[in-house]
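Subject: Structure for your review

Dear colleague,

Please find below the structure that I am handing over to you. My findings follow it.

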Amino acid sequence: MPTQLTHVQHWLYQNWPAPANIDAANQFLEDIKRVWTKEKKNPTVLKQTKFIEFIKAMGGNSPYLSNLILKHIDFFDFILASDPHEACIETFEYLRTYSFQDSRQAIARLLRTTKQKIALCCAIADIGNIWSLEEVTLTLSTLAETTLHIALNHLLYHASLSHKIKLKDIEDPSKESGFIILGMGKLGAKELNYSSDIDLIILYDPNQHDNHEDLGTFFVRMTKHLISLMEERDENGYVFRTDLRLRPDPSSSPLAVSLPAAISYYESMGQTWERSAMSKARPVAGDIHAGYEFLETIRPFIWRRHLDFSVIDDIHTIKKRIDHHKNFNTENSSFFFTETNAHENMNWLLGRDVKLGYGGIREIEFCAQALQLVWGGRFPELRDPATVNALKKFSLKALFPEQKATQLIHAYYFLRKIEHRLQMREDFQTHSLPQNRQDFVNFSIFLGYDTPYKLVQDLCTSLYQVHCIFKDEFSSPENEQTPILDLPLNTLKCYLKEKKIPDEAVQILQSWHHNRPRTLRTPRARSLLEKILPQLLDVFSSQKNPLLILQRFDNILEKHSASTQFLSLLERNPALIGRLAKIISISPFIAEFIANNPCAIDVLLEADILKTRINLKKTLQKYLDPVNTFSDAIPPLYTLVRSEEFRISVACIENQSTLNKASILRTSMANAVMVALLNKIAQEHQEKYGTVPGGSMCIIVLGKAGSWEMAFGSDLDLMLIYDHPETVQESEISIPNPYESHQPYKGQKILSVNQYYIRLTQKFITALTSARASGSLYEVDMRLRPSGSKGPVAVSLSSFINYHEKKAWTWERMALTRARVIGGSHCLRLRVSKAITHALSHAPNARNDRQILEDVKQMRQRLIKDSPPSSPWDVKHLNGGLMEVEFIAQALQLIAADTTAQHPCTRFAFKRLARQGYLKQADAEFLIHADEFWRNLQGLLRIFFGKNPPKNLADELTSAIFKIMKHHLCPESKKEHLSLEDLETKSLKIAQHVRKLFNHYIGHID
């Protein structure tokens, strides 16, 4: 670059387009020379060939930009002396120095001239390839937000001066004004195009202005003033055209809608297209905080927790309506281009809409939005309103093919570039290509093409690829065959016979034909079932017992309250049918679980179902923070727990996880739920009963939850401990004003410390065990607390310590070997953990080894008599079963009375006991193996059959089940297939040796 042109940035020397209109280009060059010569500016620049080309390109392609340059010649000179980025920064900084006390005329002039300057910067940066598309659209979006903010502050301030409204902060009129401007569409996504309308929703909060007589009328009038200030044209042009048609029920609602009315509308009447629109919404001006609160309130409307693929059909229907409304020629839309008919291709492109038409921008946006509405509820990180970012995230998460995402992103950049060039010519919101061939040729020059046919080829290729992807991913295939359910009885029987499905299946299909499941009574559900039924029957017939699978699938349909979403899920994901069939064929319990918990099936869409597990802490916070009472959070928490339980169980069935890992995941989930729920309930409790100064409560988890060994359906053995200073005897109520009354207010009540924590515990247990149609969050057992079921539900730390020093039985100390402390303050957790250690090692008779062993032996003998095995597969109570393995570990830990030999997890306890010499190494290794075998067998049987496996297990075990059992129970076996006899033989050998070790270490049992 020549040294004498250092003030002209290198971006002027990019590949600028040639002028399409030579006469206009030359005239513009003369105008520039005349103005600058008159002002004695840039004489050197006017002699440079590249700069002359740049000037001609602007003048010969865009009358609008030519006029802007001449109108703001000094600003144009500043752009050349710096660059568009610096020019934008200075323009925005100057804009923010405005005073909202200025007159309307002054504000209008400021906003309009700013719009023209920013438009000029964006055009130069766009045409010169200096900025990316994101930089251009972000700058335009920032301009819209800033001008809206200034216009609204001006109007609110002057309304306050006229006593039409009372503001909270006259220096910042928008703050807590209750007037909310939501940016929708491209403004909400920060993707405004060059000459875009701005889609807005105007809301107001009546609670911010309790004494206003006619608030609705005032804010509607305020909205009208705002719109006129933004879009009325004068000698300086306009700021932005506005569109308010995305507001709730636009045909009958006022321009400004109250928050209660908007919330009620979306919760009761909101449609799919409105969910799609609100997915891009964000507060851009006015009361920003109130705007975000509103969006959080309607979040469940936008982002459904369950996967709902029926939304894709809704999106496709919306696109069809657009095509019909715009009179797009469907015959021409199916045009297929080739490289040999360039003239015909150009004719097809003339006048075509690159936004709404075949393969246009809207089809790309619909792809991203449909995927977001389906998956965004499950994965919050996918809720990105920016189209390109959303497609990239779906590709990275393997929810959309990478090649298709890349093609759509490339097409999006290309089509948005075309869109901007179309709008730059005359500052007109158009998306249509030129209507005649000469104008098309001129437009191709403006885009920088040497020949218009290269543009034709690139554009046709792009449009075709986009439309094919949109059609493949989001259109519904038509079922031209006679629906199976409509076949005559004899024909239906022959059809099933060909599929090798027993005749008994006819009764199920005929019941579907007569809409026996109430969920099939809607035309949409019936249509979806008919589409997928051939594939359902094909997949079912490939399994060992197709009739059984069909019966279990029928049960799912019978109990599913939203069959349209369920069947749409299967239609859009055909591979899911095979995975579902395999799982329900293996496990009747899982099949019933799916029927009672339909949300669980979403998990099956993920190939590696543990890789995409949610962040429990963040998810629990998301569920609990917005709700006023903990009871409102129980339904979503229940759904979360059931879905994660299903995810973990399927991972075990499909050999994606060991059962040990599954136990840890279940326990981690239970820990997180309990801690989050206790914190939430404690907050509510404090609002009603105040606080206990210096007091805190924690949870002791015991049993399987304490040892990190929770199986499918395990209950929670809990004990809740609280502590407080001795000088504190009751709760304290916070007083808003210490100089006023010292009495409780707003219904608050003072409680004694004991009653305070007892009530808190009762609420906590109620939350965990609240019964729903298909169960509770968890079953809870609190019989291990001091004094058992007769004692208080919440125990003070001092009482706990005193009890275990003087009264605790051996079996109670055995339970403490698997105790863990969670929740509460860190300080309290340490004190409780110390108390547990003390109880295990320093309590009276703790070192009386003979007494401990005798107590353990008698307890086991009593349980053999009172709780014998319910079946040969009751692995907990079997002679030599899981209970005896655990008793050995617990008894030896009590005898050791040594923290280095103790651990809440049984297998780790055995390792420590052997290391410290309380157990032979070989015996420890066998007991660890036995513990894992029994727990794995118990865990699998629960996954397959629930807590109570059938007594005659031989009739229920299939080859598929044996295959899974072999993987988890007998990986060392060289046999290809595991048999029931093999399993029984291994179980007997382990049981006999466990009993032998029990007799050796604890005491002889007959």
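In which loop is the place of D602? In this predicted model, D602 belongs to the loop that runs between α28 (588-596) and α29 (616-624). The residue has a relative accessibility of 3%, so D602 counts as buried. Leaving aside residues up to four places away in sequence, D602 touches R305, H306, L307, R378 and L569. L70 lies 532 residues from D602 along the chain, and the C-alpha atoms of the two are separated by 60 Å.

A second aspartate, D353, is found in the loop between α16 (342-349) and α17 (361-375). Because its relative accessibility is 13%, under the 20% cut-off, D353 also counts as buried. A polar atom of the D353 side chain lies 2.8 Å from the backbone nitrogen of L356.

I turn next to the nonpolar cores. In soluble globular proteins, nonpolar side chains tend to be buried together. Here the largest nonpolar core has 206 residues, and the members that touch the most other members are M278, F294, W375, I418, W512, W934 and M965. Helix α40 (residues 921-945) supplies the largest share of this core, with 13 residues. A second core, separate from this one, has 80 residues, including W36, A87, C88 and L152.

As for I418, its contacts are V354, L433, F443, L447, L455 and L459, again not counting residues up to four places away in sequence.

Yours sincerely

Note on methods: Residues are numbered from 1 along each chain as its sequence is written. This is a predicted model: local features need pLDDT of at least 70, side-chain atom pairs count only at pLDDT 80 or more; totals for chains, interfaces and linings use all residues. Side-chain values use heavy atoms; hydrogens and water are left out. Helices (H or I, at least four residues) and strands (E, at least two) are DSSP runs, numbered from the N terminus. Buried means under 20% relative accessible area, exposed over 50%, partly exposed in between (1.4 Å probe, protein chains only). Contact means heavy atoms within 4.5 Å. A polar contact is a pair of N or O atoms within 3.5 Å; within protein, one must be able to donate a hydrogen and the other to accept it, and residues adjacent in sequence count only if both atoms are side-chain atoms. A nonpolar core is a set of buried Ala, Val, Leu, Ile, Met, Phe, Trp, Tyr and Cys residues joined through side-chain atoms within 4.5 Å.
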